[in-house]
Protein chains: 2
Amino acid sequence: MLKFEAKEYMAKDFNANEVRAILPGMSEPSDAAHSPAEPSLEEQIAAYQREFQGLDPQVEQVVSALQRLNRRMNVAYGRQTATLNMSNAEWEVLKALVVAGAPYQMGPGELAKRLGLTPAAMTHRIDRMASEGLVTRERDEANRVRVIVELTQEGREKWVEAMRMASVFEEDLLQDLSTEERGQLGEMLTRLLCRVEDAQPDADGRLNDLD
Amino acid sequence: MLKFEAKEYMAKDFNANEVRAILPGMSEPSDAAHSPAEPSLEEQIAAYQREFQGLDPQVEQVVSALQRLNRRMNVAYGRQTATLNMSNAEWEVLKALVVAGAPYQMGPGELAKRLGLTPAAMTHRIDRMASEGLVTRERDEANRVRVIVELTQEGREKWVEAMRMASVFEEDLLQDLSTEERGQLGEMLTRLLCRVEDAQPDADGRLNDLD
DNA sequence: GCTTCGAACTTTAGCATTGAAGTCTTCAGG
DNA sequence: CCTGAAGACTTCAATGCTAAAGTTCGAAGC
């Protein structure tokens, strides 16, 4: 019944398209003229500087590395969830329910907000996950407008499995960083995150200082 | 002719769903019981630790901050490209062509690999962009199997506009980091990126050491 | 009590993407 | 030449998403 069988093109959602991105270049290590070979970070930044005067290469290094890294990580997560016959989209739902804590219940609307998609999309996603036995869906009898999505035992176990794989991967990923470096990195990223969250950019891209 | 008009729900592709994610919480700062309010990073990590024994909170801090940050940034980029009547998807194509350098030409297949989507999707995307005048599409007369996608003047100007906005945003984002910190951050991220790229994870999520 | 409004979810139509099949061109043999 | 195979792109059916309309329930006003 393997619905997701590591097709190396899958992961329909959750940064849908990325799975493919990582595999293609490595087919022919020799042929220099024909195999495109994704440009390295340095090449990319050099090109940007060439075409756009006044770009700060240091800033661009941070931003571009961040984006690429995140993409690669999502590809990795996609492969892992695929081995559990799951998509990253489903994993995201499991995560939200687990973070909510026992009794692992949330409404579709709230889930939709958390995951950043429309309520309509959430309806369909819950349909699928319910038919796979990862969650249950039932009306709230106390307030019959609402619907309660609840994690099943199987859903929880799937989350634990996925988490186990993810944590191994993440530990391996950070292997080359010392404990001190990890702390610095986490702290700096958190600081950037706060900056984005506290101050929403207006249309000009400038962050509004709220503090 | 404004096709993209800052609808706060748009950005069909390029991490499609994220645009919505950033807006919802801030409606009612008072109501504590009813407004879900996305859990903070600390809450999320605490929940993971509660439900999954043996998780390294430091690692999780890095990974989770990275993911959230990237999401928020993509929302910001989406808003900016929207003001240029563009989607992030189109911006990605422009970027690839600019990085290729003069004469700003690439084949659809190569573009598809770069952006991590299927050739079929690329065909349609090029259709749209050609009809908007951002690129041209023509058969390579020297090798009539191939197709050449070329950036138009307008496409280049759009890229420059988008880049201008993006660079302002990025500079603002990193404002709180000293030059030294920026260097450290970029260096660490690059190191992580190299680790992911050099060693592809197998199904167990373990990175294969290639060095 | 009836109506009206709003909230929460579902349904519908349209679009972008995937995966598979199809078309067209080139090249290598026979 | 003609044929077969491989490559590059396109076409087609199905999937998952968004936006907008629809449905159902609950709460407030008259």
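Okay, a quick word on terms before we start: when I say two copies are superposed, I mean a least-squares fit on the C-alpha atoms of residues with pLDDT of at least 70 in both. And yes, that tells you this is a predicted model.

So, on to the pair. Take chain A, turn it by 180° with 0.0 Å of shift along the axis, and it lands on chain B with an RMSD of 0.0 Å. The two copies are therefore related as by a two-fold rotation axis. They also use the same surface: 100% of the contact residues of chain A recur in chain B.

How many residues does the contact take from each chain? It's 98 from chain A and 100 from chain B. Together the chains bury about 9,500 Å² between them, and carbon and sulfur atoms give 63% of that. On the chain A side, the residues losing the most area to chain B are A:E51, A:F52 and A:R114, yet together they make up 6% of what that side buries.

Now the polar side of things. The rule finds seven salt bridges across the interface of chain A and chain B. B:E197, for instance, forms a salt bridge with A:R72, with the closest N and O atoms 2.7 Å apart. There are also 18 residue pairs in polar contact across the interface.

And which parts of chain A touch chain B? Several helices each supply at least two residues, among them α2 (41–51), α7 (153–173) and α8 (179–198). The largest share, 21 residues, comes from α3(A). Sort that whole side of chain A by type and you get 44 nonpolar, 23 polar and 31 charged residues.

Technical notes. Residues are numbered from 1 along each chain as its sequence is written. Chains are lettered from A and ligands numbered from 1 in the order in which they are written. This is a predicted model: local features need pLDDT of at least 70, side-chain atom pairs count only at pLDDT 80 or more; totals for chains, interfaces and linings use all residues. Side-chain values use heavy atoms; hydrogens and water are left out. Contact means heavy atoms within 4.5 Å. Buried area is the accessible area (1.4 Å probe) that two parts lose on being put together, summed over both. A salt bridge is a side-chain nitrogen of Lys or Arg within 4 Å of a carboxyl oxygen of Asp or Glu. A polar contact is a pair of N or O atoms within 3.5 Å; within protein, one must be able to donate a hydrogen and the other to accept it, and residues adjacent in sequence count only if both atoms are side-chain atoms. Helices (H or I, at least four residues) and strands (E, at least two) are DSSP runs, numbered from the N terminus. Ala, Val, Leu, Ile, Met, Phe, Trp, Tyr, Cys and Pro count as nonpolar, Asp, Glu, Lys and Arg as charged, and the others, Gly among them, as polar.
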